[in-house]
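Me: I would like to learn how to read a model of this kind, going from one side chain outwards to the sheet and the helices. Could you take me through it step by step?

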Amino acid sequence: MIDHKICPVCESPLKGRSDKKFCSTKCKSIHQYENRQEKEAFYLEVDRQLKTNRKILKTYNFRGFTTVRKELLIDDGFDPNFFSHYWKNSKGDIYLFVYDYGFLDLKKSGKDKYLIVQWQEYMRK
């Protein structure tokens, strides 16, 4: 009796080599993608939020530095808990950065705001 293997993705019969696992490169790719989504779910979630945060900061920071109400950023999907690194200036203010865009928590005129800046070479020291 011949044992017919089937593709785990599309369930079509496998033809060819005896150790073949997928019917096509497309099915193999789909399987790998789905596997990665499961195994690396947390990493992908963090990465997605970092990219979203950077995009939002870049959108609002068209002059190199600007002040924006927190609620505007948060309404756009910004999450201040996701950042890549920080920088502390000589006054002791801590800027949280998402790659090349940073933000500083401010209270200005009784309103919660962020000062958005772009990474500068002098900050490397």
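Reply: Let us begin with a single side chain: a polar atom of the side chain of Asn61 lies 2.9 Å from the backbone nitrogen of Phe65. Please keep in mind throughout that this is a predicted model.

Me: Where is Asn61 placed, and is Asn61 buried or exposed?

Reply: Asn61 sits in the loop between helix H2 (41–60) and strand S1 (65–69). With a relative accessible area of 4%, Asn61 is buried, because a residue under 20% counts as buried.

Me: Which residues is Asn61 in contact with, once its neighbours within four places in sequence are left aside?

Reply: With those neighbours left aside, Asn61 is in contact with Thr66, Tyr101, Ile116, Val117 and Gln118.

Me: Which other loop asparagine can I read in this way, with a side chain that reaches a backbone nitrogen?

Reply: Asn89 can be read so, for its side chain reaches the backbone nitrogen of Asp93 at 2.8 Å. Asn89 is placed in the loop between S2 and S3, and it is buried, with a relative accessible area of 15%.

Me: How should I read the sheet as a whole, and what is the order of its strands?

Reply: The general idea is that strands of a sheet pair through backbone hydrogen bonds, either parallel or antiparallel. Here five strands form an open sheet in the order S1-S5-S4-S3-S2, and the pairing is antiparallel. S1 and strand S2 (85–88) are the edge strands, each of them pairing on one side only. On average, neighbouring strands of this sheet are turned by 30° against each other, with direction ignored.

Me: How many bridges join S2 to S3, and what is the bridge partner of Tyr86?

Reply: Four bridges join S2 to S3, and these two strands run antiparallel; the partner of Tyr86 is Leu96 in S3. The hairpin of S2 and S3 has five residues between the strands, and there Gly92 takes a positive phi near 95°.

Me: What joins strand S3 to strand S4?

Reply: Strand S3 (residues 94–98) and strand S4 (residues 101–108) run antiparallel and are joined by three bridges, and Phe97 stands opposite Gly102 in S4. The two strands form a hairpin with two residues between them, and in the turn Tyr99 has a positive phi of about 60°.

Me: Is Tyr99 buried, exposed or partly exposed?

Reply: Tyr99, which lies in the loop between S3 and S4, counts as partly exposed at 37% relative accessibility. The reasoning is simply that buried means under 20% and exposed over 50%, so a value in between is called partly exposed.

Me: How many bridges pair S4 with strand S5, and which residue in the turn has a positive phi?

Reply: S4 and strand S5 (residues 111–118) pair in the antiparallel sense over eight bridges, and the bridge partner of Leu106 in S5 is Lys113. This hairpin has two residues between its strands, and Ser109 in the turn has a positive phi of about 55°.

Me: Which residue in the segment before H1 has a positive phi?

Reply: That residue is Glu11, whose phi is near 65°, a positive value in a residue other than glycine. Glu11 lies in the segment before H1 and is exposed, with a relative accessible area of 59%.

Me: Finally, how should I read a pair of helices, and at what angle do H1 and H2 cross?

Reply: Two packed helices are described by the angle between their axes and the distance between the axes. In this model the axes of helix H1 (residues 25–39) and H2 come within 5 Å and cross at roughly 85°. An angle of 65 to 115 degrees counts as roughly perpendicular, and H1 and H2 are therefore described as roughly perpendicular to each other.

Me: Which residues meet where H1 and H2 are in contact?

Reply: From H1, Arg36, Gln37, Glu38 and Lys39 meet Ala41, Tyr43 and Leu44 in H2. Sorted by class, this contact of H1 with H2 has three nonpolar, one polar and three charged residues.

Conventions:
Residues are numbered from 1 along each chain as its sequence is written. This is a predicted model: local features need pLDDT of at least 70, side-chain atom pairs count only at pLDDT 80 or more; totals for chains, interfaces and linings use all residues. Side-chain values use heavy atoms; hydrogens and water are left out. Buried means under 20% relative accessible area, exposed over 50%, partly exposed in between (1.4 Å probe, protein chains only). A polar contact is a pair of N or O atoms within 3.5 Å; within protein, one must be able to donate a hydrogen and the other to accept it, and residues adjacent in sequence count only if both atoms are side-chain atoms. Contact means heavy atoms within 4.5 Å. Two strands pair if DSSP finds at least two bridges between them. Axes are lines fitted to C-alpha atoms, for helices over the stretch in contact, and angles run from 0 to 180 degrees between N-to-C directions. Angles under 35 degrees count as roughly parallel, over 145 as roughly antiparallel, 65 to 115 as roughly perpendicular and the rest as oblique. Ala, Val, Leu, Ile, Met, Phe, Trp, Tyr, Cys and Pro count as nonpolar, Asp, Glu, Lys and Arg as charged, and the others, Gly among them, as polar.
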